[in-house]
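Thanks for coming, everyone. Let me put the structure up, and then I will walk you through a few parts of it.

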Amino acid sequence: MTYSTNSEMKHPQSESAMVKVSDLWMELVRNRPLRVLSFFFVIAFTTMSISNAADSYFMTFNMHATPLMTTVFMWLGTIPAFIFMPMVPAIKRRIGKNGMFRLFLGIAIVAMVLMYLMMSIERLKSITALIFAVQFVKSTGVVVATGYMWALVPEVVTFSEYVSGHRVAGIVNALICIFMKAGMALGGVVPGLVLVWVGFKAGEAVQEPMAEQGILWLVTLIPAALFVLAIFVIGKYELSDEKMDKLNAAVTNNLKIDN
């Protein structure tokens, strides 16, 4: 890959005042990595919203947990961030961005399916420590994958600057926030629909087996299916570390990549 000078790569910063609302959609059309990342954000925030809404139901009606147990379960969803996020750069260097997403989303999927199977076996569902251990593993996969996705935002900003000559960080972040909110909204609707469908009775201390099964789906199988889709989507992300090095050099030095 070679570079050639490109006098049209840079535009005066004063042109940022000319940005219109329609530029949001134009940016989506011309920026394929941004489209991929935006759809990944939708899936990630849908999944996280579903899980966050369902976890307390799961602990109350499936695990019949005490408040302390519920608190521990919730904390297990955040502790992995402090342990594994510092390791992300080393892992990414070894297996690449797509490899890292596949690894940690795969860990989350396996843990969710395992939790579903364990909760379906009477003698295993009563072993709280085992359920908590699986929750920790699941959270590790979720936290790393959904945490690192934010690191891709500056990359799609740089790609846009290379393609258009504009540094449109505001537009890119606005689009990411729109898709993030869309995912949160969708994730807020799904639990209610599922609970209605399985006959969940609000205010009842004990639910019917079908209602408990629906809650279990919300914590395990539905998020797992969405993460399978997320692996497919992020697999389309084309900005490898090597390509980003070349794009950063091109943008910094006002060059154009020939091929």
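**Starting at Ser51**

Find Ser51 first; this residue sits in helix α2. One thing before I go on: the model is predicted. So, is Ser51 buried or exposed? Ser51 is buried, because its relative accessibility is 10% and the cut-off for buried is under 20%. Now look at what Ser51 touches. Leaving out residues up to four places away in sequence, Ser51 is in contact with Leu218 and Pro223. Keep Leu218 in mind. We come back to that residue with helix α10.

Ser51 also takes us to a pocket. Ser51 is one of the residues nearest the centre of the second largest pocket. The others named there are Asn52, Asp55, Gly77 and Val142. In total, 16 residues line this pocket. Which elements give two or more residues to that lining? They are α2, residues 32–62, α3, residues 67–75, and α7, residues 128–148. Of these, α7 gives the most, with 6 residues. What is the lining made of? It divides into 6 nonpolar, 8 polar and 2 charged residues. How much space is in there? The second largest pocket holds about 270 Å³. As for how one finds such space, rolling a probe the size of a water molecule over the atoms shows where it is left empty.

**The whole chain**

Let me step back. The protein has 12 helices and 2 strands. What is the order of the elements? From the N terminus, the run is β-α-α-α-α-α-α-α-α-α-α-α-α-β. So there is a strand at each end of that run, and the helices come between them. The protein has 259 residues, and 46% of them are buried. Now the contacts. Take those with a separation of 6 or more; 81% of them join residues 24 or more positions apart.

**Two helices with kinks**

Back to helix α2. This helix is mostly covered, with 22 of its 31 residues buried. There is a kink of about 35° in α2, centred on Ala54. Does the span of α2 agree or disagree with its length? It agrees, because 31 residues at 1.5 Å a residue should span 45 Å, and the end C-alpha atoms are 42 Å apart.

Now set α5 beside that. Helix α5 covers residues 88–119. A straight helix of 32 residues would span 46 Å, yet the end C-alpha atoms of α5 span only 31 Å. Where is the kink in α5? Look at Gly96: a kink of about 110° is centred there.

**Met59 and the loop after α2**

Stay on α2 a little longer and find Met59. Met59 counts as buried because its relative accessibility is 0%. What does Met59 touch, beyond residues up to four places away in sequence? The list is His64, Ala65, Met69, Thr70, Phe73 and Phe132. Take Met69 from that list. Met59 and Met69 are 10 residues apart in sequence, and their C-alpha atoms are 8.0 Å apart.

His64 is on that list too. His64 is in the loop between α2 and α3. Its phi is near 50°, a positive value in a residue that is not glycine. For background, most residues other than glycine have a negative phi.

**Helix α10 and what covers it**

Next, α10, residues 209–219. This helix is mostly covered: 8 of its 11 residues are buried. Which residues are they? Ala211, Glu212, Gly214, Ile215, Leu216, Trp217, Leu218 and Val219. There is Leu218 again, which Ser51 touches. What covers the buried residues of α10? The cover includes α2, α5, α7, α9 and α11.

**Two pairs across the sequence**

Two pairs to finish. Lys181 lies in helix α9. Lys181 is exposed, because its relative accessible area is 52% and the cut-off for exposed is over 50%. Lys181 and Thr46 are 135 residues apart along the chain, with their C-alpha atoms 9.1 Å apart.

The second pair starts in helix α11, residues 221–234, with Val228. At 48% relative accessibility, Val228 counts as partly exposed. Its partner here is Ala108. Val228 and Ala108 are 120 residues apart in sequence, and 10.0 Å apart from C-alpha to C-alpha.

Key: Residues are numbered from 1 along each chain as its sequence is written. This is a predicted model: local features need pLDDT of at least 70, side-chain atom pairs count only at pLDDT 80 or more; totals for chains, interfaces and linings use all residues. Side-chain values use heavy atoms; hydrogens and water are left out. Helices (H or I, at least four residues) and strands (E, at least two) are DSSP runs, numbered from the N terminus. The expected span of a helix is 1.5 Å times one less than its number of residues. The bend at a residue is the angle between axes fitted to the seven residues ending there and the seven starting there. On a 1 Å grid over the protein atoms alone, a cavity is a set of points where a 1.4 Å probe fits but cannot get out, and a pocket is an open set with protein on both sides within 12 Å along at least five of seven lines; lining residues have an atom within 4 Å of a point. Grid points are joined across faces, edges and corners, and a volume is the space filled by probe spheres set on the points. Ala, Val, Leu, Ile, Met, Phe, Trp, Tyr, Cys and Pro count as nonpolar, Asp, Glu, Lys and Arg as charged, and the others, Gly among them, as polar. Buried means under 20% relative accessible area, exposed over 50%, partly exposed in between (1.4 Å probe, protein chains only). Contact means heavy atoms within 4.5 Å.
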